[in-house]
Amino acid sequence: MHDHIIVSGDDPLATTIIDELKSAGANVVKLTNTELAGVARELARAEVAHALAIVCAGDDDATNLEIALLARKASPSVRVVARVANDVLREAVADGNGPGAILDVADLTEIGRAHV
């Protein structure tokens, strides 16, 4: 597969992201095993080297960061979007992230309210 978007996470946010991406016509691959021991294998199975982007949308900062860093290691040019609630971690990773974004869902909620 080429030019697809990989999404991780099993909560309502990840499900919504997957649904919206599919509605927009994107090819989406969901990571099925986000246990830290199996992430590298799952990224290879999802062909991260050929992906447009990876969205780390689970509710655990450590898992999201692990997936984001492993994806960037496997494919330095892949766009990475990661959900990270911890301010310190988010800022540290965002500084050296290259193409991509590290997002705080609470900030996104505030932005959404401002546009309503």
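Modeller: In this predicted model, a helix is a DSSP run of H or I that covers at least four residues, and helices are numbered from the N terminus. Helix H1 in that sense is followed by Gly25, whose phi is positive, near 95°.

Biologist: How do you know whether the end-to-end span of H1 agrees with its number of residues?

Modeller: The expected span is 1.5 Å times one less than the number of residues. For the twelve residues of H1 this gives 16 Å, and because the end C-alpha atoms are themselves 16 Å apart, the two values agree.

Biologist: What makes the contact between Asp10 and Lys30 a salt bridge?

Modeller: The requirement is a side-chain nitrogen of Lys or Arg within 4 Å of a carboxyl oxygen of Asp or Glu. The side chains of Asp10 and Lys30 meet with an N to O distance of 2.6 Å, so the pair satisfies that cut-off. Asp10 sits in the loop between S1 and H1 while Lys30 belongs to strand S2 (residues 28-30), so the bridge ties together parts that are 20 residues apart in sequence. Three salt bridges are found in the structure.

Biologist: Why is Asp10 classed as buried, partly exposed or exposed, and how is Lys30 classed?

Modeller: Exposed means over 50% relative accessible area, and partly exposed is the range between that and the 20% limit for buried. Asp10, with 62%, is therefore exposed, whereas Lys30, at 32%, counts as partly exposed.

Biologist: How do you know that Asp11 and Arg83 form a salt bridge, and which parts of the chain does the pair tie together?

Modeller: The N to O distance between the side chains of Asp11 and Arg83 is 2.5 Å, and the limit is 4 Å, so this pair also qualifies. Since Asp11 lies in the loop between S1 and H1 and Arg83 in strand S4 (residues 79-83), the bridge joins parts 72 residues apart in sequence. Asp11 is buried, with a relative accessible area of 13%, while Arg83, with 22%, is partly exposed.

Biologist: What makes Glu42 and Arg45 about one helical turn apart?

Modeller: These two residues lie three places apart within helix H2 (residues 39-45), and that is why they are separated by about one helical turn. An α-helix has 3.6 residues a turn, so residues three or four places apart point the same way. The side chains of Glu42 and Arg45 meet in a salt bridge with an N to O distance of 3.0 Å.

Biologist: Why is Glu42 called buried or exposed, and which residues is it in contact with?

Modeller: The limit for buried is under 20%; Glu42 has 10%, and so counts as buried. Leaving aside neighbours within four places in sequence, Glu42 is in contact with Leu31, Thr32 and Asn33. Arg45, at 44%, counts as partly exposed.

Biologist: Why does Ser8 count as buried or exposed?

Modeller: Ser8, a residue of strand S1 (residues 5-8), has 1% relative accessibility and therefore counts as buried. Its C-alpha is 9.9 Å from that of Ala68, although 60 residues separate Ser8 and Ala68 in sequence.

Biologist: What makes S1 and S3 a pair of strands?

Modeller: Pairing needs at least two bridges. S1 and S3 are joined by four, in the parallel sense, with Ile5 standing opposite Ala53 in S3. Four bridges likewise join S3 to S4, which run parallel, and Cys56 has Ala82 as its bridge partner in S4. From S3 the chain crosses through H3 to S4, and this β-α-β crossover is right-handed.

Biologist: Which way do the residues of S3 point?

Modeller: Ala53 and Val55 point one way from S3, Ile54 and Cys56 point the other way, and all are buried. In a regular strand the side chains alternate between the two faces of the sheet.

Biologist: Which residues touch the most other members of the largest nonpolar core?

Modeller: In this core of 18 residues, they are Ile6, Leu31, Leu43, Ile54, Cys56 and Ile67. H2, strand S3 (53-56), helix H3 (61-74) and S4 each give two or more residues to the core, and H3 gives the most, with four. A second, separate core of eight residues includes Ile5, Val7, Val28 and Val55. In soluble globular proteins, nonpolar side chains tend to be buried together.

Technical notes
Residues numbered from 1 in each chain as written. Predicted model: local features only at pLDDT ≥ 70, side-chain atom pairs only at ≥ 80, totals over all residues. Heavy atoms only, no water. Buried < 20%, exposed > 50% of the residue type's maximum accessible area, 1.4 Å probe, protein only. Core = buried A, V, L, I, M, F, W, Y, C linked by side-chain atoms within 4.5 Å. Contact = heavy atoms within 4.5 Å. Right-handed = clockwise from strand over helix to strand, strands pointing away.
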